[in-house]
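Here are my notes on the model, set out as numbered points for you to read beside the structure.

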Amino acid sequence: MDFYYNEQKPQRVLILAADTGEYDASASVDEMKELIKTAGGETVGVIIQQLTSANAVSFLGTGKIAEAAEFVRDNDIDLAVCDGELTPTQQRVLSDALKTDVIDRTVLILDIFALNARTNEGKLQVELAQLKYSLPRLSGKGKSMSRLGGGIGTRGPGETKLESDRRHVRRRIHALEEQLSSLETRRRRRRARRKKDGVITAALVGYTNVGKSTLLNTLTDSEVLVENKLFATLDPTSRALKLPDGREIMLIDTVGFISRLPHFLVEAFKSTLEEATDADLLIVMCDASDPDCEDKLDITLEVLKELCAEEKPIVTVYNKCDVAHNFTAPYSKNTVRISAKNGVGIPNLLECICTALPDRRRRVQLLIPYSQGALEAKLRGSGRLFGEEYREDGIYMDIELSFDDAKNITEYIITR
């Protein structure tokens with residue numbers, strides 16, 4: 001079920017939520033409202049029920065469903081969105097009871113992803129995620145999809161429409177995974193080339209809509225699309241940045257995180273998120289004007305942990321401090337307060353980045369004995385060669401190496 005929008009009538013939406021105590025239901029509903037707004041809808045009402053666990057058949061209890069059905073009828077509701085992931089049975093029961101279309105939080109996020117995907121890779125990732133979500137739910141489509149059944153006219157060879165649909169979806173998933181694998185291989189080669197050439201990378205990561213693209217534009221004088229919407233950026237964007245200490249780094253903008261992001265979505269966007277996992281430095285951004293700022297920072301760090309990137313050097317940036325007058329950032333040498341929009345605090349951020357960046361590369365002059373030809377070939381393959389000479393006592397190399405490689409061959413360094 002897609003959203004529709006025009007200037008006269010955005011889609012009217014009712015939010016349904018089960019407060020089981022697993023998370024802050026009120027904050028989650030507020031986030032849902034922003035997601036719905038981003039998708040082009042208008043939240044008309046919210047119904048929350050406190051439950052030990054969501055009803056396995058109908059998501060909410062019968063009393064709340066009756067209340068929701070009355071609200072739908074009296075307020076011309078076009079769509080009900082559940083703050084949680086629905087089973088096919090729950091979706092069917094709710095839709096029948098409310099007499100309107102029903103989707104869940106995951107479908108809502110996928111709809112926004114589809115809306116914002118601009119590159120070929122982004123579109124492929126969205127389609128893959130949508131198909132992986134829909135495949136296990138095909139069984140809930142009902143008997144009308146089958147050509148086989150009991151009675152006259154239904155016997156004989158053939159396969160069910162449901163089985164045919166499943167096979168088609170699986171084939172498409174396989175084709176998409178192959179295309180994305182090819183793109184991922186190309187991306188991996190680019191990252192390997194960056195490392196060999198000594199390119200230092202820093203990734204902007206954080207909750208969606210905290211100002212990552214605005215900061216990228218401010219630091220690099222770029223014109224990356226900036227919108228006050230969730231998931232405005234889905235595809236990684238890279239720009240060169242010259243630091244005050246003279247080093248040049250590659251700054252990468254990445255897709256925003258969100259609470260309770262389904263695991264298959266993390267998997268679908270793995271190649272995009274790998275830009276963060278492969279970076280030399282993570283610039284983790286928060287919205288200081290958001291009352292849930294620290295909770296969302298924890299969610300970001302949790303996703304980084306899932307991506308096995310939590311051990312990387314981190315600079316924590318509290319953005320939008322120009323409108324967060326009462327906010328006090330925790331003290332840390334790698335923490336800064338800024339306003340990406342107004343440029344406040346940017347010099348401090350740049351100095352912090354310089355300090356936090358690992359000293360990963362070192363340019364050295366070597367004299368490798370001819371008897372160490374294997375070492376010479378290895379260094380040539382992993383380093384950035386500026387010049388070489390075949391001298392009487394060995395091979396002279398002017399080369400930039402990783403810090404670890406340089407540390408292991410100190411006996412051959414002739415200029416320090």
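1. How many bridges join strand 1 to strand 3? Four bridges join strand 1 (residues 11-19) to strand 3 (residues 79-82), and the two run parallel; one of the pairs matches I15 with V81 of strand 3. Strands here are DSSP runs of E of at least two residues, and helices are runs of H or I of at least four, both numbered from the N terminus.

2. This is a predicted model, in which local features need pLDDT of at least 70 and side-chain atom pairs count only at pLDDT 80 or more, while totals for chains, interfaces and linings use all residues. Residues are numbered from 1 along each chain as its sequence is written, and side-chain values use heavy atoms, with hydrogens and water left out.

3. The open sheet has four strands in the order 2-1-3-4, with parallel pairing, where two strands pair if DSSP finds at least two bridges between them. Strand 2 (41-50) and strand 4 (101-104) each have a single partner strand, so one side of each is left without a neighbour in the sheet.

4. Helix 7 (residues 212-220) and helix 11 (residues 346-356) pack at about 90 degrees, their axes 12 Å apart; axes are lines fitted to C-alpha atoms, for helices over the stretch in contact, and angles run from 0 to 180 degrees between N-to-C directions. L215, T218 and L219 of helix 7 meet I346, L349 and L350 of helix 11, contact meaning heavy atoms within 4.5 Å.

5. Leaving aside neighbours within four places in sequence, L349 is in contact with L215, L219, V315, V317, V336 and I338.
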